[in-house]
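Subject: Handover of a structure and what was found in it

Dear colleague,

Please find the structure below, which I am handing over to you for your first study of it. I would ask you to look it over before reading the findings that follow.

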Amino acid sequence: MSDQIRFDLSQSDLPKFYYNINADSPVAPNPVLNPVTLEPVTPDFLSVLFPMEVIMQEISTERYIEIPDEVREIYKLWRPTPLMRAARLEKALGTPAHIYYKYEGVSPSGSHKSNTAVPQAFYNKISGTKALTTETGAGQWGSALSMAGKFFDIPVEVYMVRVSYDQKPYRRYLMETYGGEVYASPSDRTDAGRAALAEDPNCNGSLGLAISEAVEVAAKSGGKKKYSLGSVLHHVCIHQSIVGEETLKQMDMAGEYPDVVIGCVGGGSNFSGIAYPFLRENLKNGQRTRLLAVEPTATPSLTKGIFAFDYGDTAKMAPVVKMHTLGHDFMPPAIHAGGLRYHGMAPVLSALVDAGYIDAMAVDQKSVFAAASVFAQTEGILPAPESAHAICAAVKEALEAKEKGEKKVIVFNLSGHGHFDLAAYESYHQGKLVDAAYPDEKIADIPNHLPKVKLAT
Ligand SMILES: *Cc1c(COP(=O)(O)O)cnc(C)c1O
């Protein structure tokens, strides 16, 4: 095999700017609402939770936002990340398609989440924040923020969804090694947590509830602590754009251009990161790449949820945004892709899906682990269960290309490695994974769980 399979950029190719799709998007952003009044938020409301730099990015329509030097210095620990041609996977599938993956699992905390953890910690540092609070599902975000907080000398308090806290103690040990303080959510440290425990002492928790706890602690800290979110919000998707910007350059090195770009979606940040620079090329430079977001059938917010205003968290303390949602009180089935169990989706991504610029599909967890195994056995990397949703869709695309005899070019984002997810792989090997598709009667009931928003038009 003489074909090149690894496309590396040098450190001088590290992007100097983040890309903001809102400068080019044909879809106008919807307002962010105060959860109490259901009226558009004032900057004061957001400034209780976030530093000003982050709030400005959230509403910015600047096309390119300069990456601070302090942040680029830290990115150099793992960026630029490699783009790989999955030649051995192609061969195993017998497909004429060319499959590439962008590997974000080389970051020290093991996923793309470090790409936003570092700038968020930096912007908080320069605005005088004394501590950060956050939630984590599987633990990837908590690890990334604990690391970034330590780099900038800011303590990090992490509310970890109880089911993951119990099932994934090793992620907790990693967070603690980075200096993070980790609490199982629901905890007895907040009103939201105590209320959930009073109702059900064995509550598994959910991302929505853990967010409520982290938001509450920040909101009641008198300005000392700020809250940090690892996905969903627009500034997070802006930070992840470096993934797609690098991929564009690397596809150039490979001498090909993608017909389809794929990413898994939990809150939508790693997908947005790889997809938006390609969407820019579609919108401005006549490219026609299909952009495909992949979610679990267990949490089908894009494919079955409703595009409506909803609370970002269970206790209705976080801002209300218009997004594809399963309802803020959604309690997801305990599937093994903890990072994809959020009830909502990034508002900008939701609007782009709604307007038809981006496609979405759902895959079930057995197919996901089957694809993950083939990937591990051919490419050698053990993927995170979240990332394996993207692999599963890429394999489907490649097999379709085989049937049609098409020489399609497929690119997907391998958002993280699965070294902390081996219990999930064991369940798969033992045949214990269940098909946890979200029931239709619960889908039909979503409208009854949404706030009644009446905006002046
Ligand atoms: C958190 C996580 C996701 C899901 O979050 P997005 O914001 O949708 O990217 C996907 N993959 C990995 C490895 C994660 O840690």
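The helices and strands named in this message are DSSP runs: a helix is a run of H or I of at least four residues, a strand is a run of E of at least two, and both kinds are numbered from the N terminus. Please also keep in mind that this is a predicted model.

Backbone

I begin with the loops. Which residue lies in the loop between β8 (181-185) and α9? That place is held by Pro186, and the peptide bond that joins Ser185 to Pro186 is cis, with omega near 10°. A cis bond also leads from Arg79 to Pro80, with omega near -10°. Pro80 belongs to the loop between α3 (69-75) and β4 (83-85). For background, most peptide bonds are trans, and most residues other than glycine have a negative phi. Asp153 is not a glycine, yet its phi is positive, at about 65°. Asp153 lies in the loop that connects α6 and β7 (156-161).

Cavities

How many cavities of 30 Å³ or more does the structure hold? There are 5. The largest of these encloses about 350 Å³ of space. Its lining is made of 30 residues, and those nearest its centre are Lys113, Leu207, Ser231, Gly267 and Gly339. Four elements, namely β6 (131-136), α6 (140-151), α10 (207-219) and α12 (269-285), each contribute at least two residues to this lining. By class, the lining of the largest cavity consists of 10 nonpolar, 17 polar and 3 charged residues.

The second largest cavity has a volume of about 130 Å³. Here 13 residues form the lining, with Leu229, Leu233, Gly312, Ala318 and Pro319 nearest the centre. The lining of the second largest cavity is made up of 12 nonpolar residues and 1 polar residue, with no charged residues.

Ligand

Where does the ligand sit? The ligand occupies the largest cavity. Two elements, α12 and α15 (385-404), give two or more residues to the shell around the ligand. In total, 19 residues surround the ligand, and Lys113, Ser231, Gly266, Ser269 and Asn270 come nearest. The shell divides by class into 4 nonpolar, 13 polar and 2 charged residues.

Several polar contacts may be followed in the model. What lies 2.6 Å from an N or O atom in the side chain of Lys113? An oxygen atom of the ligand is found at that distance. An oxygen atom of the ligand is likewise 2.7 Å from an N or O atom in the side chain of Ser269. At Gly268 the partner belongs to the backbone: a polar backbone atom of this residue is 2.8 Å from an oxygen atom of the ligand. On its own, the ligand has 380 Å² of accessible area, and the protein covers 98% of that area.

Pockets

The largest pocket contains about 520 Å³ of space. It is lined by 30 residues, of which Pro29, Asn30, Val32, Glu58 and Ile59 are closest to its centre. The elements that supply two or more residues to this lining are α1 (43-49), α2 (52-59), α11 (234-254), β13 (320-325) and α13 (347-354). Which element gives the most to the lining of the largest pocket? That element is α2, with 4 residues. The lining of the largest pocket has 20 nonpolar, 8 polar and 2 charged residues.

The second largest pocket holds about 240 Å³ of space. Its lining comprises Ala192, Ala195, Ala196, Glu199, Asp200, Cys203, Leu209, Thr314, Ala315 and Met331. Helix α9 (residues 191-199) provides the largest share of this lining, 4 residues. The residues that line the second largest pocket fall into 7 nonpolar, 1 polar and 2 charged.

Points to locate

When you open the model, you may wish to find these places in turn:

- Pro186, in the loop between β8 and α9.
- Lys113, whose side chain has an N or O atom 2.6 Å from an oxygen atom of the ligand.
- The largest cavity, in which the ligand sits.
- Helix α2, which gives 4 residues to the lining of the largest pocket.

With kind regards

Definitions and conventions. Residues numbered from 1 in each chain as written. Predicted model: local features only at pLDDT ≥ 70, side-chain atom pairs only at ≥ 80, totals over all residues. Heavy atoms only, no water. 1 Å grid on protein atoms, 1.4 Å probe; cavity = no way out; pocket = protein on both sides within 12 Å on 5 of 7 lines; lining within 4 Å. Points joined across faces, edges and corners; volume = space filled by probe spheres on them. Nonpolar A, V, L, I, M, F, W, Y, C, P; charged D, E, K, R; others polar. Near = heavy atom within 4 Å. Polar contact = N/O pair within 3.5 Å; in protein donor to acceptor, adjacent residues only side chain to side chain. Areas by Shrake-Rupley, 256 points an atom, 1.4 Å probe, with all protein chains shown as cover. Sits in = over half its atoms within 2 Å of the grid points.
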